[in-house]
Structure formats: structure tokens, C-alpha cells
Amino acid sequence: MLKKIDHLGIAVHSIEKARAFYEDVLGLQCDRIEEVPSQQVRVAFFKVGEVSLELLEPTGPESPVAKFLEKQGEGMHHVGYLTDDIQETLNRAQQKECRLIHKTPVPGAGEKQIAFFHPASTNGVLTEICAKQDAENL
Ligand code: ZN
């Protein structure tokens with residue numbers, strides 16, 4: 001079951017350049033910057049109440065975010081939902097013939113397990129589900 005919107009991912013060319021808007025204009029604080037090798041991105045986290053913003057900067061040309069930036073430029077990249085049963089959600093999606101980028105979870109930022117739905121099955125919105133590594137701590 002989905003618990004909440006966990007975060008919104010925003011694709012940027014450079015965290016160093018993009019963070020000025022979030023810090024100086026919106027007055028948010030960057031919690032931390034983390035590299036996620038599985039997605040070839042650096043991620044800067046800004047907490048807004050219960051939800052985080054994640055600025056996603058590619059670390060290499062093969063990064064999915066690099067490809068997104070090439071095609072569409074900077075902007076809204078994905079919506080991340082927190083779930084407590086990531087594999088069950090993926091199994092249900094497959095039964096409904098939903099296109100998945102990940103059929104099993106991969107390691108994401110913040111020590112979470114993540115999986116992406118393909119935007120072809122989600123009305124054009126790249127959709128991520130994520131779960132804390134240790135589901136018992138939910
Ligand atoms: Zn995400």
C-alpha cells in the first residue's frame with residue numbers, strides 16, 4: 001500500500017547552480033548530497049514538510065537523467081511514492097500489464113529500495129515507488 005508522496009525528482013544540469021533557487025529564493029535547506037551509483041546521479045535533498053525535493057544531476061553520459069536532460073531539458077523528472085510492499089506493488093503492476101523499468105527493486109538514495117514504472121504506462125509521468133531497506137522500521 002502506498003503511504004505518501006515521498007519525494008519529487010527534478011532533473012538539473014548542475015546541483016551547484018540549481019540549488020541557489022531552492023536555498024536563496026524558497027529558503028529551503030539542503031539536507032545532504034548523495035551519489036546513487038545505480039542511477040548514475042548525484043542527488044541533493046531538500047525537505048519541505050513531509051515531502052522531499054530531490055535535485056538530480058547526472059554523473060555520466062549513460063545516466064537516465066543525462067538522457068532525460070538531452071531530450072527534455074531541466075524540469076520535473078519523477079514522482080516518488082513510499083510503499084511498505086515494493087515487490088507486491090511491482091507484482092500487481094505486472095499482472096495489470098503495466099510497463100516497468102525495474103521488475104525487482106534496486107538500491108536508491110537514502111538507503112531505500114526503489115523501482116520505476118515506465119512513463120508509457122503512467123500517463124507520461126515517470127513514477128517511482130520506494131521503500132525503506134528495513135521494512136520493519138516503517
Ligand atoms: Zn526518486
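In the predicted model, Phe-46 stands opposite Leu-53 of strand E4. The two strands concerned, E3 and E4, run antiparallel and are joined by 8 bridges. The hairpin that they form has 2 residues between the strands, and Gly-49 there adopts a positive phi near 60°. E4 also pairs with E1, in this case in the parallel sense and over 5 bridges. Within that pairing, Leu-56 in E4 is the bridge partner of Ala-11. Of the 8 residues of E4, 7 are buried, so the strand is largely enclosed by the rest of the structure.

A zinc ion is bound through three protein donors, namely NE2 of His-7, NE2 of His-78 and OE of Glu-128, which lie 1.9 to 2.1 Å from the ion. Along the chain, the donors follow the spacing H-x70-H-x49-E. Because His-7 belongs to strand E1 and His-78 to strand E5, the pair ties together parts that are 71 residues apart in sequence. Both His-7 and His-78 are buried.

The largest pocket encloses about 770 Å³ of space. Its lining comprises 40 residues, of which Leu-56, His-77, His-78, Phe-116 and Leu-126 are the closest to the centre of the pocket. Two or more lining residues are given by each of strands E1 (2–11), E2 (30–36), E3 (41–48), E4 (51–58), E5 (75–83), E7 and E8 (127–132), and by helix H2 (64–72). The largest share, 6 residues, comes from H2. By residue class, the lining divides into 18 nonpolar, 11 polar and 11 charged residues. The pocket and the zinc site have a residue in common: His-78 is among the residues closest to the pocket centre and is also a donor of the zinc ion. Leu-56, likewise among those closest to the centre, is the E4 residue that partners Ala-11.

Strand E7, one of the elements contributing to the pocket lining, spans residues 112–117 and includes Lys-112. The relative accessibility of Lys-112 is 16%, which lies under the 20% limit, and this residue therefore counts as buried. Beyond its neighbours within four places in sequence, Lys-112 is in contact with Asp-6, Leu-82, Val-106, Pro-107, Cys-130, Ala-131, Lys-132 and Gln-133. For one of these contacts, that with Ala-131, the C-alpha atoms are 5.5 Å apart in space, although the two residues are separated by 19 residues in sequence.

Definitions and conventions:
Residues numbered from 1 in each chain as written. Predicted model: local features only at pLDDT ≥ 70, side-chain atom pairs only at ≥ 80, totals over all residues. Heavy atoms only, no water. Helix = DSSP H or I, 4+ residues; strand = E, 2+ residues; numbered from the N terminus. Buried < 20%, exposed > 50% of the residue type's maximum accessible area, 1.4 Å probe, protein only. Contact = heavy atoms within 4.5 Å. 1 Å grid on protein atoms, 1.4 Å probe; cavity = no way out; pocket = protein on both sides within 12 Å on 5 of 7 lines; lining within 4 Å. Points joined across faces, edges and corners; volume = space filled by probe spheres on them. Nonpolar A, V, L, I, M, F, W, Y, C, P; charged D, E, K, R; others polar. Pairing = 2+ DSSP bridges. Donors = N, O, S within 2.8 Å, 3.2 Å for Na, K, Ca; no water.
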